[in-house]
Every structure is written in C-alpha cells, then in structure tokens.
Amino acid sequence: GAAAIEVPQDEPGSDWRWLLTGSPSPHDDALVGSIKSVPKELPNPLTVGSDIPALVARMLEDIPPEEWDAKRFSKPQPVPGFPNLFRGLGGLLPNHTPRELAQNMVAAAILNRLSGNVLIWAARATRVVQFGHQATAEEEALKEAEATRAARCRDLLQAEKEEQEAEKELSEFRRSYALDAKRHHYLESVQGWKSSAKAQAEKEVTTASKAVEAAAAAVEASKGSSQARSWRQEWPSPIPKEVMAEDWEPFGVRLSNKAPVLTSINEFLEALENGLVDRSGGSAMITKHTLEAAFVRQAYDGLMLCTCDTEGEEAAKVYTHMPTPSLTGAGFTPPGRAEELLGPRPMTSFQLKMVGQTIPFEVSFGPVLHASSSLDDCSSGMLAFRAAG
C-alpha cells in the first residue's frame, strides 16, 4: 500500500541542469503550502536590494499579506486511498514564516547558481584544452615580443610629445627676447634631454621590432613539425557533454545596481557580512549580516506521514506522527537471520544561517535525496543547497 503514496519526484539524470537552474528538486507542498517555486529564469546579474524583495513577493502572491510574517498551523494533505492518513506537519507549528521560507528558497537558488559557475568555467577550460588551439612556446614568445614592441612604441610617442613641448617652450622664450640667461640655459638643457630620450626610445623600438621578426621566424619554422597531443587532450572529461556543447552564461549577483558583480559563493557571503551603503543611485543600503554555520545530522523522511481519527475543527484535531526514515543496509546480518540489518540512513549537511535585516536566510548544503515511491528505496542524488524549513 505504501507504494501508492506520491512524493515530489526529481527528473532523473539531470543533476547538472538542476544545479545551473538553481533548484535541485521541486518543493514539497506539504511543507511550503501555497508558496510558489523560485522562478527558473532569475535576473542575471541579480540585485539583492531590489530583485529579491520582488521575487519573494511574487512567490507569496497566493498568501494574504497579513500572514507573510506569521507562523500558522498547516493542514496536512490526505493520502488518497488511505483513510485517516495524511502527509504534512500534522499539528506542528512551522519553524519559519512564509516570508522566511521564501527567502530561504531564493537564497538556496542563488547559492546553487553560484555553485554552477564552477561547472561553467570548468566546461570552458575543457573546451579550450580538448578542442581549442594550444599556443606553442614559439607563439607565446611572439605574443610577448609584440606586447613589448607595443609598449616601446607608446614610450616613443610620449618621448616625441615631450620633445615637441620642450622645443615649443624654448622657441617661445627666444622670441620673447627676455634677458634671463639662467632660464635660457635651463630650457636648452631640458630640450637636449628630451631629444636624447627620444633617440633612446627609437633605439628600443628598433630592438623590439627585430625581436618580433625573430620570434615570427621561429613560429614559421615550428609549423613544419607536428606536436603530440597532451594527456589532457587524450583523457575523457568528467564534464557532461550537454554542458560542453553549450556556452552557458555565468550567474552573477550584486548588492546594488552600482555594486560590483559577484560570481562566487565566497564573494557573495563576504559582501553580505560587510554590508553596503550606496549613495550614488537611490541611496541603496545593505545592512551588515552575521554568518552562522554548523554541521547537522538527521534521518531522511520524505513521506512525513501522520494519522488522525478526530473529526471536526482543524484546531481540535490531534495527529499521530509515523516516522518512516529512509533505510540503508548496516553491512551485517543479526544472529539467526538471513536478511541484512537495516537502519535509518544518516544524512549529514552543512547548515548556513545569515542573520541580518536585508536578506536573512537559512539553508543547508548536503545530499539532495531523490525520494521514490517505496518506503525502503531512496537513491542518493547530488550535493546542493536546500532551503531550511
């Protein structure tokens, strides 16, 4: 009978795509109630000060505004075909308000998208190694020689400009017929110095040009010899082929419209801890937040079953919870039995809590378990951020 119980299912074989879209699995209505899912298309870059409040309000559209910041009992969902059997909290007061749950969901999506940037950058680097052109030592030397020549040419232009200014200043002094021998001697010395600097710059340009010609000749000579492919080009890549085939755009987040775009989790968390006061456009202000972290362990229960035999008003009902954690083999059999001993599957995760005024949230980083329709079957998924609550 338990096989008929429906729980949220994840699309098989698409863990990497869930990571790049921000949501590792669909949310469970038994926990979040009428809160909508985080939109798959997030603004890129996402602005904390303006986009997150808009996203939260969009997710809470089906809930009256006066209930956004209140903890209320959620009515469990009846299980079809099982009288008096329900899924949900069953008379337990939620740990988070609807606004807090929505903020947790948005924060988890942001952190997953920032995690996905590592996959995008790895795919780009792999494409360069496996399919792109690998510059030879001769080509790198030519590139460096051309950069040196360009720098020497800029120095020559600057020297010519300074020489012309010195000559102009000396000519104007001579036309003034001023009786100042000391000034005249100084201007002649400056003009001679600038001319010498120009001559030196011309010699350096000539030397740099010869170095470029020699490096170009070395590149032409190396084209006749074939180079063996490196081990990085021969070994298969762990990056999914779908990610390799498409050039994904890295996800970015910023505290305000004028703030720098952040593309890593470390940068994002540090920015929230430091806060921001931006008076350049609209006086945006992000208060300083405090980060709390801890490792937690729990047994995974994706069914959340409870029973109730009481009729009448919801407030008068009493629910009895039926823990049904996912089981795993212990690796040994008890004496006198042939079956392997099973026990609750432990799930360890890293809990992150950001305390502040602008965007407080609480998420966990750990395995996203794909619950199946069977009580004793649960396959492990990937590591991702999930909203607390």
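**Helices, rings and a small set of strands**

In α3 of this predicted model, the buried residues are V48, D51, I52, L55, V56 and M59.

Q: Within what arc do the buried residues of α3 fall, seen down its axis?
A: An α-helix has 3.6 residues a turn, so residues three or four places apart point the same way. In α3, V48, D51, I52, L55, V56 and M59 are buried. They line one face of the helix, because seen down the axis they fall within an arc of 130°.

Q: How far apart are the end C-alpha atoms of helix α3?
A: Helix α3 covers residues 48-59, which makes 12 residues. At 1.5 Å a residue that should span 16 Å, and the model agrees: its end C-alpha atoms are apart by 16 Å.

Q: Which helix is among what covers the buried residues of α6?
A: Helix α6 (residues 181-222) has 42 residues and reaches 62 Å from first C-alpha to last, close to the 62 Å expected. Its buried residues include L187, V190, K194 and A201. Among what covers the buried residues of α6 is α5.

Q: Over the ring of which residue does the charged end of K194 sit?
A: K194 is one of the buried residues of α6. Its charged end lies 4.2 Å from the centre of a ring, and that ring belongs to W193.

Q: Which strands stand at the edges of the open sheet?
A: The sheet has 4 strands in the order β2-β3-β8-β9, with antiparallel pairing. An edge strand has a single partner, so one side of it is left without a neighbour in the sheet. That puts two strands at the edges: β2 and β9.

Q: Which residue in β8 stands opposite R87?
A: β3 and β8 pair in the antiparallel sense over 3 bridges. Opposite R87, in β8, stands L305.

Q: How many residues apart in sequence are the parts that F86 and Y319 tie together?
A: F86 and Y319 form an edge-to-face aromatic pair, with 5.8 Å centre to centre and 90° between the planes. F86 lies in strand β3 and Y319 in the loop between β8 and β9, so the parts tied together are apart in sequence by 233 residues.

Q: Is F86 buried or exposed?
A: Y319, the partner of F86 in that edge-to-face pair, is buried. The state of F86 is likewise buried.

Q: What kind of pair do the rings of F365 and F385 make?
A: F365 lies in strand β13 and F385 in strand β16. F365 is partly exposed at 30% relative accessible area, whereas F385 is buried at 6%. Their ring centres are 4.9 Å apart and the planes meet at 50°, so the pair is tilted.

Technical notes:
Residues are numbered from 1 along each chain as its sequence is written. This is a predicted model: local features need pLDDT of at least 70, side-chain atom pairs count only at pLDDT 80 or more; totals for chains, interfaces and linings use all residues. Side-chain values use heavy atoms; hydrogens and water are left out. Rings of Phe, Tyr and Trp (its six-membered ring) pair if their centres lie within 6.5 Å; planes under 30 degrees apart count as stacked, over 60 as edge-to-face and the rest as tilted. Buried means under 20% relative accessible area, exposed over 50%, partly exposed in between (1.4 Å probe, protein chains only). A charge sits over a ring if NZ of Lys or CZ of Arg is within 6 Å of the ring centre and within 35 degrees of the ring normal. The expected span of a helix is 1.5 Å times one less than its number of residues. The arc is that of the directions from the helix axis to the C-beta atoms. Contact means heavy atoms within 4.5 Å. Two strands pair if DSSP finds at least two bridges between them.
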